[in-house]
Amino acid sequence: MVTTHFPEGIVADDARWLFDGADLAALAKEFDTPLYVMSEALIRQRCAELRSAFLARYPGTRAYYASKAFQTLDMLRIIKDEGLGVDVVSGGELYAALKAGIPASEIIFHGNAKTDEEISYAVQSGVGRLVVDNLEEIYRIEREAAHAGIAQTILFRVTPGVDSHTHRFISTGSLDSKFGIPLEASETARYVAALRECPHVEFAGLHFHVGSQLMENSSHLAALRIVLDFAARLVREFGLAVKELDMGGGFGIRYLPEDNAPALSDFVDPMIALVREWSEREKLPLPACAIEPGRWIVGEAGLTLYRIVAVKEIPGVRAYVAVDGGMGDNIRPALYEAKYHAAIVGRADAGLGAASNQLRRVTIAGRYCESGDILIRDIDLPDPRPGDILAVFSTGAYCYAMASNYNRAPRPALVMVKKGKARLSVRRETYDDVIHREK
Ligand code: LLP
């Protein structure tokens, strides 16, 4: 999406900063900090774009929200209402999706190490697709499906061997990856043989996912070419038709004002064009294409509010601004060197129009007992002071979802805002919650 204004959804009206109409300072006061704030309007805006740029534009396609990016019951209900399917990667995510009323048939279940319990739960629940990641899994699904007396639809997750230009921890499509089936001929023969031995396993097609937060479409297209070649081989050599083609997620978003995130159509238009060309060239029916965006739907729809606790100047070195959260609510800077943008609520900053001579270069430190707990290194802010509310933008994906209780910090509350109204989606943890499971 080529947006000119960043962050989207913020309206700064003198001292009042509104996000999806809700006053951020008032939210911090009412719900305390750290606080995750998600905008329902921005989430739904992405869902609408997903429909117009992909689902409606290319009939017969499907979209699954990769719920690992941000899963709460509230969020799942929005996804249900938007009519999207859901990608889950664990029994826990499946449980929540079913609880939220997502039809099992609209759920796709992934994982490179699904337990017997998870396979059984998924098959018994009637999930629409199970994505096979290793040979043995075919037999394990067969046992469960035979037991349940059904045929389970599956896809093969394949490894296209394409290196994506993203952090190596979130790159998944390269050959040396724990995810997916290698496209070696010898391996393929074994997988096809297994399918033949498993009458309750119904092969529908292929899945691939090249990596996450990709800011250009080249890795997707390179991977797609390889997977399409493989699909043609499956038909020619084994008579196995690829009726479905799930092209994963990974569509990048804007974290910094200078980021130039492509539009969804920059990814999907050339991908669909490639599939169509392939189908004409190979004289094979067009497979039903699917995508699985996670971050792209929720990333820019969320921000985190912190309270500045301390400002410490190390003369000649740097100034640290310490906040009341950090790696426990956002592990991404520590884990992936992820970069974020922030501003002090109610005070104009560089991104929202302040004169540059009022700015001070600082580093935002988290509260956790670890030197690596730095949220933002070197950002220009207008004279940050203890008590100020700091908003860190684009925290809607993989922050709440990856939160921990490190240092026994209770995890923050999460509010969903919609046209100026806030509803508590997840209450803040208490100290009792933190020790709750202990004997
Ligand atoms: N489909 C599959 C099979 C995936 O493995 C993933 C992400 C997605 C879809 C969704 O990708 P997205 O559209 O959100 O990029 N924790 C990391 C990201 C890990 C992504 C894992 N798989 C982060 O915070 O950047």
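At the start of helix 2 (residues 40-55), the backbone nitrogen of alanine 41 lies within 3.3 Å of a side-chain oxygen of serine 39. The structure described here is a predicted model. Within helix 2, the buried residues are Glu40, Leu42, Ile43, Arg46, Cys47, Glu49, Leu50, Ala53, Phe54 and Leu55. Upstream, a cis peptide bond joins threonine 33 to proline 34, with omega near -10°. Proline 34 is placed in the loop between helix 1 (24-31) and strand 4 (35-39).

The packing of helices 4 to 7 was then examined pair by pair. Helix 4 (residues 91-99) and helix 5 (residues 116-125) have axes that come within 10 Å and cross at roughly 25°. Because this angle falls under 35 degrees, helix 4 is classed as roughly parallel to helix 5. The two helices, 4 and 5, cross in a left-handed sense. On the side of helix 4, Gly91, Leu94, Tyr95 and Leu98 take part, and their partners in helix 5 are Glu118, Tyr121, Ala122 and Ser125. Sorted by class, the contact of helix 4 with helix 5 comprises 5 nonpolar, 2 polar and 1 charged residues.

Burial within helix 4 involves Gly91, Glu93, Leu94, Ala96 and Ala97. Gly91 and Leu94 thus appear both among the buried residues of helix 4 and in the contact with helix 5. The elements covering the buried residues of helix 4 include helix 3 (73-81), strand 6 (85-88), strand 7 (107-109) and helix 5. Glycine 101, just after helix 4, adopts a positive phi of about 90°.

Helix 5 also packs against helix 6 (residues 135-148), where the axes come within 9 Å and the crossing angle is roughly 45°. Helix 5 and helix 6 are therefore oblique to each other, and the crossing is right-handed. Helix 5 contributes Asp116, Ile119, Ser120, Val123 and Gln124 to this contact, while helix 6 contributes Glu137, Arg140, Ile141, Glu144, Ala145, His147 and Ala148. The residues in the contact of helix 5 with helix 6 divide into 5 nonpolar, 3 polar and 4 charged.

A further pairing is formed by helix 6 and helix 7 (residues 185-197), whose axes are 9 Å apart and inclined at about 10°. Helix 6 and helix 7 are therefore roughly parallel to each other. Leu135, Ile138 and Tyr139 of helix 6 make this contact with Arg190, Tyr191, Ala194, Leu195 and Glu197 of helix 7. The contact of helix 6 with helix 7 has 6 nonpolar and 2 charged residues, with no polar residues.

Individual residues beyond these helices were also characterised. Serine 212 occupies the loop between strand 11 (201-207) and helix 8 (218-238). With a relative accessible area of 9%, serine 212 is buried. A polar contact of 2.8 Å connects the side chain of serine 212 to the side chain of arginine 295.

Alanine 365 belongs to strand 17 (residues 359-365). Its relative accessibility is 11%, and alanine 365 therefore counts as buried. Apart from neighbours within four places in sequence, the residues in contact with alanine 365 are Tyr320, Val321, Ala322, Val323, Asp373 and Ile374. The C-alpha atoms of alanine 365 and leucine 284 are separated by 56 Å in space, and the two residues by 81 residues in sequence.

Positive phi values also occur in residues other than glycine. Glutamate 337, a residue of the loop between helix 11 (332-336) and strand 16 (342-344), has a positive phi near 55°. The relative accessible area of glutamate 337 is 58%, so this residue is exposed. For asparagine 407, phi is positive and near 65°. Asparagine 407 is placed in the loop between strand 19 (389-393) and strand 20 (413-418). A relative accessibility of 37% means that asparagine 407 counts as partly exposed.

Technical notes:
Residues numbered from 1 in each chain as written. Predicted model: local features only at pLDDT ≥ 70, side-chain atom pairs only at ≥ 80, totals over all residues. Heavy atoms only, no water. Axes fitted to C-alpha atoms, helices over the stretch in contact; angles between N-to-C directions. Parallel < 35°, antiparallel > 145°, perpendicular 65-115°, else oblique. Left-handed = near helix turned anticlockwise from the far one by under 90°. Contact = heavy atoms within 4.5 Å. Nonpolar A, V, L, I, M, F, W, Y, C, P; charged D, E, K, R; others polar. Buried < 20%, exposed > 50% of the residue type's maximum accessible area, 1.4 Å probe, protein only. Polar contact = N/O pair within 3.5 Å; in protein donor to acceptor, adjacent residues only side chain to side chain.
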